[in-house]
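This report looks at two points in a protein backbone and at some contacts between charged side chains. Please have the sequence and the structure open while reading.

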Amino acid sequence: VLAELIEKFVSHLSESRTDCYFSTESYKAMNADVKKENLSSVQQLGVEMTVRYGKYLNLLKEDAENGLCFVLMNCEEFLKQQQRTVVSSLCCLQENYAGYDWFASSIFLIMSGDREKTLTFLQQFSCLLVSAFLWLPRLHLSTHLPVTTVEYGIHPVYFCSAHHVEMLLKAELPLVCSAFHMSGFTPSQICLQWITQCFWNYMDWSEICHYIAICIFLGPDYQIYMCVSVFRHLQQDILKHTEA
């Protein structure tokens, strides 16, 4: 039901010029016989974890691995159409996105391993503003960002979403804010980790689906509210650890 709902919602928005924040270019899927060996070692490890998790949730069949590799390779090629070349020694500014694409993997699971539906959804989703915040590889070396922003190698999620989480924490949860300040560790670092991984390894699958759906339906600012609500939920634990 969720797969059908977000599919129809995103398809509807992507057909409206006023809702399309980013330009999209036509892309035809290729590499039907993609093998895991075509991916980087980080991606290969991510694929293994995703498929294992998908089978544990009874969402994927035996041949899911090739389907996920197909999605990841095509996403990389598709997003390259909107990337600029930057000469830098920073690892995060090399040609390919340095980490694993947890958002695309989450959508693959939501779509029960259907690679064509997943890729079609991601292509339509990429023209919406919320894609910049939910799907981190979306803005990797992006032509949609100023050159100076790209050269710093800091993702907008860090200086937009994570920054606003810290601002809200000061007002809403001052004790949690103080606890982080005393530890010498910032809430924005934690938030970036959560968001990059789509809350994998932090929330149950149903909650991950709710996070993705809420942000798609209600807007990217709900990513900030979600992080603040998690800090509120963890407040007693955080304070207890601080005292200890």
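## Terms and model

Helices here are DSSP runs of H or I with at least four residues, and they are numbered from the N terminus. The model is predicted.

## The loop between H10 and H11

Helix H10 covers residues 187-196 and helix H11 covers residues 205-218, with Cys198 in the loop between them. Asn201 is found in the loop between H10 and H11 as well.

Which sign does phi have at Cys198? The value is positive, near 55°, and the residue is not a glycine. Asn201, also a residue other than glycine, has a positive phi near 75°.

Are these residues buried or exposed? Cys198 has a relative accessible area of 1%, and because buried means under 20%, Cys198 counts as buried. Asn201 has a relative accessible area of 73%; exposed means over 50%, so Asn201 counts as exposed.

## Salt bridges

How many salt bridges does a search of the whole structure find? The search gives 6. Three of them are described below, each with the distance between N and O atoms.

Lys55 is paired with Glu62 in one salt bridge, where the closest N and O atoms lie 3.4 Å apart. Lys55 is partly exposed at 32% relative accessibility, whereas Glu62 is exposed at 67%.

## A pair within helix H3

Glu77 and Lys80 also form a salt bridge through their side chains, with an N to O distance of 3.5 Å. Where do the two residues sit along the chain? Both belong to helix H3, which spans residues 64-80. Glu77 and Lys80 are 3 residues apart in this helix, so about one helical turn separates them.

The relative accessible area of Glu77 is 26%, which makes this residue partly exposed. Lys80 is likewise partly exposed, at 26% relative accessibility.

## Arg115 and Glu116

Another salt bridge joins the side chains of Arg115 and Glu116, at 3.3 Å from N to O. How accessible are the two partners, buried or exposed or in between? Glu116 has a relative accessible area of 45% and is partly exposed. Arg115, at 22% relative accessibility, is partly exposed too. The cut-off for buried is under 20%, so the 22% of Arg115 does not count as buried.

Note on methods. Residues are numbered from 1 along each chain as its sequence is written. This is a predicted model: local features need pLDDT of at least 70, side-chain atom pairs count only at pLDDT 80 or more; totals for chains, interfaces and linings use all residues. Side-chain values use heavy atoms; hydrogens and water are left out. Buried means under 20% relative accessible area, exposed over 50%, partly exposed in between (1.4 Å probe, protein chains only). A salt bridge is a side-chain nitrogen of Lys or Arg within 4 Å of a carboxyl oxygen of Asp or Glu.
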